Every structure is written in structure tokens, then in C-alpha cells.
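Hi,

Here is the structure I said I would pass on. Have a look at it first, and then read my notes underneath.

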Amino acid sequence: MKWIRFALAMVVVGLAFTAASAQSGGLTVTVADEVGPLPGAIVTISHETGFVKTTAVQTDVRGEAVFPVLRPGRGYVIEVSMASYATQRYDGIQVRINDNQTIPVVLAQEIVETVKVVADGQVVKLEDT
């Protein structure tokens, strides 16, 4: 009896996924630098009008972050960030029905300048005028 319930539940989930993916599209974001793929980068997807919930995914060993089921339309925003790299932002991305679009992102090393000031302080004697 448990197997029948499990099989029925799997059929329902499969049909729901098929129906959702039939009216949806997807995005794959590939993140790299000058050397090659960047695993561990954070890819955040959102929508200008709150059409979808903001979601963040970490890139895999191939530098890919996959968003397989998205509602079709324009206005998606992708932001890619990683420590020691400048953050990249892409606005107005369009998702098409039954299309998995690949968006390549190349991150540049972030240049950080540090200024260190070293000076000798003068000793002030309160007894002297």
C-alpha cells in the first residue's frame, strides 16, 4: 500500500514539474576569470518588480549556476559576486519559454589600495608654556 502511495505521489510531482517546465524557461550563468571557471561564486537572481523571489546559488566546479525553472518574461536581474573580485550586475534579462539561455560572466580581480600613515607623535609637556 505504501508503494502505491509513493508511486502515485511521484506521478503527481512529475506531472506538476512537466506542466511547470512547459510554460517556463531557464538560465545558466557561467562564471570565470582570466584563468578559467570560478567555483564558489555567488549568483543571485531577482526580478525588477518582485516577479520572483530573490534566490542565490553557488557555482559548481565548472563555474555554473543553474536556474532551471523561471517564469518567462523580461526584467530579471543577475548579480555575481566573489571575494577578491569586482561584483557584476546584469539588468533586463529576458527568459523565453522552453529555452535555457546561457549567460557568460567574466569577473575581474578587484583592486584594493591601502594607505598606511606612520608618523611620530610629538610629546607635549604640560609643565612647559
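Below is what I found, going from the overall layout to single residues.

First, a caveat: this is a predicted model. The protein chain has 129 residues, and buried ones make up 25% of them. You'll find one helix and seven strands, with the helix coming first from the N terminus and the strands following it. If you take the contacts between residues at least 6 apart in sequence, 60% of them join residues at least 24 apart.

**The three-stranded sheet**

One sheet is open and has three strands in the order β4-β1-β7, with mixed pairing. Its edges are β4 (64-70) and β7 (100-106), each of which pairs on one side only. On average, neighbouring strands here are turned by 15° against each other, ignoring direction. Strand β1 covers residues 25-32 and runs antiparallel to β4, with five bridges between the two. If you want a spot to start from, L27 has F67 in β4 as its bridge partner.

P68 also sits in β4. Its relative accessible area is 56%, so P68 counts as exposed. P68 touches G25 and G26, leaving out residues up to four places away in sequence. The C-alpha atoms of P68 and G26 are 4.4 Å apart, although 42 residues separate the two along the chain.

**β2, β5 and β6**

β5 (residues 73-81) pairs with β2 in the antiparallel sense over six bridges, and T44 stands opposite E79 of β5. β5 also pairs with β6 (residues 88-95), again antiparallel and over six bridges. There, I78 stands opposite Y90 in β6. The hairpin of β5 and β6 has six residues between its strands, and S84 in this hairpin takes a positive phi near 75°.

**Salt bridges**

The count comes to five salt bridges. As you know, side chains of opposite charge can pair when their charged atoms come close. Three examples to click on:

- E79 and R89: the closest N and O atoms are 3.6 Å apart. This pair links distant parts of the chain, with E79 in β5 and R89 in β6, ten residues apart. E79 is partly exposed at 32% relative accessibility, while R89 is exposed at 51%.
- R62 and D60: the closest N and O atoms are 3.4 Å apart. R62 is exposed at 55%, and D60 is partly exposed at 27%. Both belong to a salt-bridge network that also takes in E64.
- D99 and R96: the closest N and O atoms are 3.3 Å apart. D99 is partly exposed at 31%, and so is R96 at 41%.

**D33**

I kept this one for the end. D33 lies in the loop between β1 and β2 (42-47). Which side chain of opposite charge is nearest to D33, and how far away is it? The residue is R62, at 15 Å, and D33 is buried without a salt bridge. A salt bridge needs the nitrogen and the carboxyl oxygen within 4 Å, so R62 at 15 Å is out of reach for D33. What does the side chain of D33 have a polar contact with? With the side chain of Y85, at 2.8 Å. Setting aside neighbours within four places in sequence, D33 is also in contact with L38, V106 and L107, along with Y85.

Cheers

Methods: Residues are numbered from 1 along each chain as its sequence is written. This is a predicted model: local features need pLDDT of at least 70, side-chain atom pairs count only at pLDDT 80 or more; totals for chains, interfaces and linings use all residues. Side-chain values use heavy atoms; hydrogens and water are left out. Two strands pair if DSSP finds at least two bridges between them. Helices (H or I, at least four residues) and strands (E, at least two) are DSSP runs, numbered from the N terminus. Axes are lines fitted to C-alpha atoms, for helices over the stretch in contact, and angles run from 0 to 180 degrees between N-to-C directions. Buried means under 20% relative accessible area, exposed over 50%, partly exposed in between (1.4 Å probe, protein chains only). Lys and Arg count as positive and Asp and Glu as negative; His and the chain ends are not counted. A polar contact is a pair of N or O atoms within 3.5 Å; within protein, one must be able to donate a hydrogen and the other to accept it, and residues adjacent in sequence count only if both atoms are side-chain atoms. Contact means heavy atoms within 4.5 Å.
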